[in-house]
Amino acid sequence: TSTTPTPLKRSESIAESMPDALRQSRYHMKRCFAKYIEQGRRIMKLQHLMLEMEKVIDDKIERNHVLEGVLGYILRSTQEAVVIPPHVAFAVRPNPGYWEFVKVSSEDLSVEAISTTEFLKFKEMLYDDKWASDENALEVDFAAIEPTVPHLTLSSSVGNGFSFVSKFITSKLSGRLENAQPLVDYLLSLSHQGEKLMINETLNTPSKLQMALIVAEVFLAALPKDTPYQNFDLRFKEWGFEKGWGSTAERVQETIKSLSEVLQAPDPFNMENFFSRVPTIFNIVIFSPHGYFGQADVLGLPDTGGQVVYILDQVKALEDELVNRIRDQGLAVKPRILIVTRLIPEARGTKCNQELEEVVGTRYSSILRVPFKTEKGVLKKWVSRFDIYPYLERFTQDAITKILDILEGKPDLIIGNYTDGNLVASLMANKLEITQGTIAHALEKTKYEDSDIKWKELEPKYHFSCQFMADMISMNATDFIIASTYQEIAGSKDRPGQYESHSAFTLPGLCRVVSGINVFDPKFNIAAPGADQTVYFPFTERQKRFTVFNPAIEELLYSREDNNEHIGYLADRKKPIIFSMARLDTVKNMTGLTEWYGKNKKLRNLVNLVIVGGFFDPSKSNDREEMAEIKKMHALIEKYQLKGQIRWIAAQTDRRRNGELYRFIADSKGAFVQPALYEAFGLTVIEAMNCGLPTFATNQGGPAEIIVDGVSGFHIDPNNGDEASNKIAEFFEKCKNDATYWNKFSAAGLQRINECYTWKIYANKVLNMGCTYTFWKQLVKEPKQAKQKYIHMFYNLLFRNLVKNVPLASDEPLQPPPPP
Ligand code: UDP
Ligand code: LCN
């Protein structure tokens, strides 16, 4: 458990401490290892190792004795073991981001430290031993080409790259005044549409700049604080200053002060402050090619979920923050944000076939849609995100042309979303030399067990070879990475993070990645999204509530008849409702929740179940996984005789109405349940909490971090349905006996949101990243260029060939089956 202190001596590696530990329990360990190798070659996960150990050491006291010491620690830190008799190789992860590999002989219990490469080869032997022993097998090692770039070392600092970078910049500029030359050069390079900003060539050295700042500061001190910049801009220009320092004498003075401090003796505080004021970003491009990207009627369609919600809210927040910053910088510039997605001619009644669409609620942000083209012309149909790779290169070229045209120049920042968007962003950023940020939302690799080593099996369905390589390319190419939670990057004590799972992995027959993505890279930052608080607000704010939806929601929840929007009914209206809403993907586990509910009598007596997601007719779906889930839902309703206690509502697309739906559930004193097998972040969790709905969410992924278990909501283990459903039942039982219990969790959830999960906090952080990493990029220019060359080669020699194996989608309707 997380509270157990490390029994290892500080300086010792696993390979050093393990032999002694094995010796101390030699009798049991010999038997244990004999058991491990008994079934021959295989991969074992932690639970298998533990289970088999329990079988061997059946005496509980003895077993506990073994597990209390170093051995227990090593075992508990093991992520997987590869058995090839007589050896067992362990991948041990003592701390997030830190891995050690050891090979133990079951014969004499000798232990040998092995390298990452050796471990991966050992694992490959299970699937392709010819390749594993091929000396010419392709090995990818991104770490080898950037030995000089500074990295974090503490697991606890992972995701806090911004602050590390600030400190590092500070130390680079420290010492002699001349060391600040890169900063001066950077300021000299700033401009907007041909107009210089901040300083001109008159102030081309740190000492000239420093002197001018002193003169300016004295001058400003004599002016009234609110004097507009225009009143002294001529004087400033004479001294070598250009626009951008601030809108008023007071603001200019503050900016000057932080820069003067930085030049005198650099410190991270003034450095960060200064960079947050430097006018660097005006135009932003955000890529999200796949799915149906629209503002209405798209949610719940395949591949179209939280990512779209996130980006639309993100754009509003970024625009607000940009407008404020530009105003405070004293500039009369209009920012521009373009969301670039795919134009889908067969738009199914959505606006996804429109080229340009203004983003509602913004002044300067639009959606630009560019179609996928092949030699045959424009692709009309939607394509799954797994099959999208063949279109991306051409899409990038077409998009660049449009973007440059609309913005009348280059953007200052490009942000990618998900594998496809990040790849496109990397291609564009590299081509035009623009600062790049990436967002994953979810990396698919961790969603499917052993998806790397078993890639060949999964390839026809998912094209993971393309996906994992694309992720590696863009995460290495990008200047910074925006993650929603710590766990997304480096996981938790027990579970590796999504990015971390790309640090070393292997696709036998294709390539062995000994160093792919490094979570200690200071490019990683956590900036969690929020939920739109004009839509998702507490159920208690009666005067704000969207009462127009009342009759519709009444009908949606409580009418008796099945129709094409809902099936099943709630016989007892007085019971609170447990509610869940998600796309009907397998990982969302809506069928799991239905089954837990079906099985748990106590819970069924206490509450009703309402589920929103998917369609009822599998033939209406064109998504493989969704079809299977739909069928399963019907079967479960039948099996557990749920009619009268369950309401299954088809996917909902109106977020305002959904906001009201969450609040209706809160009125029923119900709860939200997010039962996913794995959830990268989980927007529904924060939507529910914003509405004041007590929330139970999966402990696998982001929600585990959003909610503090037992304080601001509850964690449930999706792999232990009985425990989860009992936990929910217990909550409602307590609520029955104590009316304040429900309110306590409702309020604590809200408090948690307001402290950590709002869009305002997000936008401020992301723009600070954009400014700081633009400068940082200059400081580490050489190693970055070297890396770029490596990526370029990798992209051309490997990735493009993989893409050729992905079949192109066809617009032809499927042939009807031949008559029987
Ligand atoms: N959503 C919706 N209608 C549905 C299902 C989901 O409006 O039928 C919305 C939901 O409110 C949330 C988003 O889609 O804003 C889903 O985001 P989440 O992060 O929970 O999951 P994702 O779909 O991104 O994996
Ligand atoms: C994709 C997911 O799977 C969710 O976990 C996130 O909440 C969503 O994107 C928004 O980032």
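**Surroundings of the two ligands**

In this predicted model, 19 residues surround ligand 1, and those that come nearest are Gly306, Arg583, Lys588, Gln652 and Glu687. Three of these residues make contacts with oxygen atoms of ligand 1 through polar atoms of their side chains. For arginine 583, an N or O atom of the side chain is 2.8 Å from an oxygen atom of the ligand. For lysine 588, a polar side-chain atom lies at 2.6 Å from an oxygen atom of ligand 1. For glutamate 687, the separation between a side-chain N or O atom and an oxygen atom of ligand 1 is 2.4 Å. Taken alone, ligand 1 exposes 540 Å², of which the protein buries 92%.

The position of ligand 1 is in the largest cavity. Three helices each supply at least two residues of the shell around this ligand: α14 (306–328), α24 (655–667) and α25 (683–690). Sorted by class, the shell around ligand 1 contains eight nonpolar residues, seven polar residues and four charged residues.

Ligand 2 also sits in the largest cavity. The residues around ligand 2 are Gly306, Gln307, Tyr310, His441, Glu679, Ala680, Phe681, Gly682 and Leu683. Gly306 is thus named both here and among the residues that come nearest to ligand 1. Helix α14 gives the most to the shell around ligand 2, with three residues. By class, this shell divides into four nonpolar residues, four polar residues and one charged residue.

The polar contacts of ligand 2 include both side-chain and backbone atoms of the protein. In the side chain of glutamate 679, an N or O atom is 2.4 Å from an oxygen atom of ligand 2. The backbone of alanine 680 places an N or O atom 3.4 Å from an oxygen atom of the ligand, and for the backbone of glycine 682 the corresponding distance is 2.9 Å. Ligand 2 taken alone exposes 290 Å², and the protein buries 90% of that area.

An unreviewed UniProt entry annotates residues 270–558 as "domain: Sucrose synthase first GT-B". Over residues 270–558 the chain is 34% helix and 18% strand. The C-alpha atoms at the ends of this stretch are 58 Å apart.

Technical notes: Residues are numbered from 1 along each chain as its sequence is written. Chains are lettered from A and ligands numbered from 1 in the order in which they are written. This is a predicted model: local features need pLDDT of at least 70, side-chain atom pairs count only at pLDDT 80 or more; totals for chains, interfaces and linings use all residues. Side-chain values use heavy atoms; hydrogens and water are left out. A residue is near a molecule or strand if one of its heavy atoms lies within 4 Å of it. A polar contact is a pair of N or O atoms within 3.5 Å; within protein, one must be able to donate a hydrogen and the other to accept it, and residues adjacent in sequence count only if both atoms are side-chain atoms. Accessible areas come from the Shrake-Rupley method with a 1.4 Å probe; for residues, only the protein chains shown count as cover. On a 1 Å grid over the protein atoms alone, a cavity is a set of points where a 1.4 Å probe fits but cannot get out, and a pocket is an open set with protein on both sides within 12 Å along at least five of seven lines; lining residues have an atom within 4 Å of a point. A molecule sits in a cavity or pocket if more than half of its atoms lie within 2 Å of its grid points. Helices (H or I, at least four residues) and strands (E, at least two) are DSSP runs, numbered from the N terminus. Ala, Val, Leu, Ile, Met, Phe, Trp, Tyr, Cys and Pro count as nonpolar, Asp, Glu, Lys and Arg as charged, and the others, Gly among them, as polar. UniProt positions are given in the numbering used here, feature names are shortened, and annotations may be inferred rather than shown by experiment.
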